[in-house]
Amino acid sequence: MKLKHATLIILLVLLIDQWSKIYIKTHFILDEAVMVFSWFKICFVENDGAAWGTEIPGKYGKLILTLFRIVAVIGIGYWLVSAIKKKQPKMLIISISLILAGALGNIIDSVFYGVIFDHSYGNIATLFSPNPYGTLLHGKVVDMFYFPIIDTILPDWLPIWGGKRFRFFEPIFNVADSAICIAVGLMIVFHKKIFKN
């Protein structure tokens, strides 16, 4: 597989990711949700931190996280170019391309969204606002896909969790996150083909 094919995958994922995020940000108020099916909602949330909303505490936590993401993307980019030069299996190159696209998609939010959007609390955000909500490298990642496939109260007779609410799948995510998860899934399913050496 050639670098131009990998670049096309990355650009396609980035285009869909950023279009969906900008659309949600400019058409939804924060925490607004639309039910598509009983098990699928479009729900606008913003993520200050890393995966699953994890945050690095402190004044410089967000900056450290963003800089770490940038360094990670450089490493993933090197891995992709190296895999192409070594003529690694096509599935590995596709997977690395998806991981790189997903990481880049969330970095764009973290780096730029704070300076191109105003806030979404109680109003729809404006793109290229004269009053942005943050600063460069301090943007929030936009998430919107929510799949509460199971949403129930567990039976009282169940030890420890009885009577408590149970939801599966709880996290809200975006196209970039999906690309990374799909890539990891491909690597697991095709690991013998991908990592035969």
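Two strands count as paired if DSSP finds at least two bridges between them. I begin with that criterion, since the first entries concern a sheet in a predicted model.

**Entry 1. The sheet**

I looked up the strand order. Four strands form an open sheet, arranged β1-β2-β3-β6, with antiparallel pairing. I noted β1 (33–37) and β6 (172–173) as the edge strands, each of which pairs on one side only.

I then followed the bridges. Strand β2, residues 40–47, is paired with β3 in the antiparallel sense over five bridges. Lys41 has Tyr146 of β3 as its bridge partner, and Val45 has Asp143 of β3 as its own. On to β6: β3 and β6 are antiparallel and share two bridges. Here Tyr146 appears again, with Ile172 in β6 as its bridge partner. For my own reference, strands of a sheet pair through backbone hydrogen bonds, either parallel or antiparallel.

**Entry 2. The surroundings of β3**

Is β3 largely enclosed or largely open? I found that six of the six residues of β3 are buried, so the strand is largely enclosed by the rest of the structure. I also looked up the helix α1, which lies across β2 and β3 and runs at about 90 degrees to β3.

**Entry 3. The annotated positions**

I consulted the UniProt record, an unreviewed entry, which lists Asp143 and Asp177 under "active site". Why may they be said to gather at one spot? They span 35 residues in sequence, yet no two of their C-alpha atoms are more than 8.9 Å apart, so they gather at one spot.

I took each position in turn. Asp143 lies in strand β3, residues 141–146. Asp143 has a relative accessibility of 3%; the cut-off for buried is under 20%, so Asp143 counts as buried. Beyond its neighbours within four places in sequence, Asp143 is in contact with several residues, including Cys43, Phe44, Val45, Asn47 and Asp177. Asp177 is found in helix α4, residues 175–189. With neighbours within four places in sequence set aside, Asp177 is in contact with Asn106 and Asp143. The contact between Asp143 and Asp177 therefore links strand β3 to helix α4.

**Entry 4. Aromatic rings**

I turned to the rings and found 11 aromatic pairs in the structure. In one of them, the rings of Trp19 and Tyr23 have centres 5.6 Å apart and planes at 20 degrees, so this pair is stacked. Both residues lie in helix α1 (residues 3–27), four residues apart, about one turn of the helix. Trp19 is exposed, with a relative accessible area of 58%, whereas Tyr23 is partly exposed at 37%.

I set beside it the pair of Tyr113 and Phe117, which is edge-to-face, at 4.9 Å centre to centre and with 70 degrees between the planes. Are Tyr113 and Phe117 buried or exposed? Both Tyr113 and Phe117 are buried. Phe117 has a further partner: Lys25 lies over the face of its ring, at 5.4 Å from the ring centre.

Lastly, I traced a cluster linked by ring pairs. Its members are Phe37, Trp39, Phe40, Phe145, Phe147, Phe168, Phe169 and Phe173. Among them, Phe40 falls within the range of β2 (residues 40–47), and Phe145 within that of β3 (residues 141–146).

How values were computed. Residues numbered from 1 in each chain as written. Predicted model: local features only at pLDDT ≥ 70, side-chain atom pairs only at ≥ 80, totals over all residues. Heavy atoms only, no water. UniProt positions renumbered as here; feature names shortened; annotations may be inferred. Buried < 20%, exposed > 50% of the residue type's maximum accessible area, 1.4 Å probe, protein only. Contact = heavy atoms within 4.5 Å. Phe/Tyr/Trp six-rings, centres within 6.5 Å; stacked < 30°, edge-to-face > 60°. Lys NZ or Arg CZ within 6 Å of the ring centre and 35° of its normal. Axes fitted to C-alpha atoms, helices over the stretch in contact; angles between N-to-C directions.
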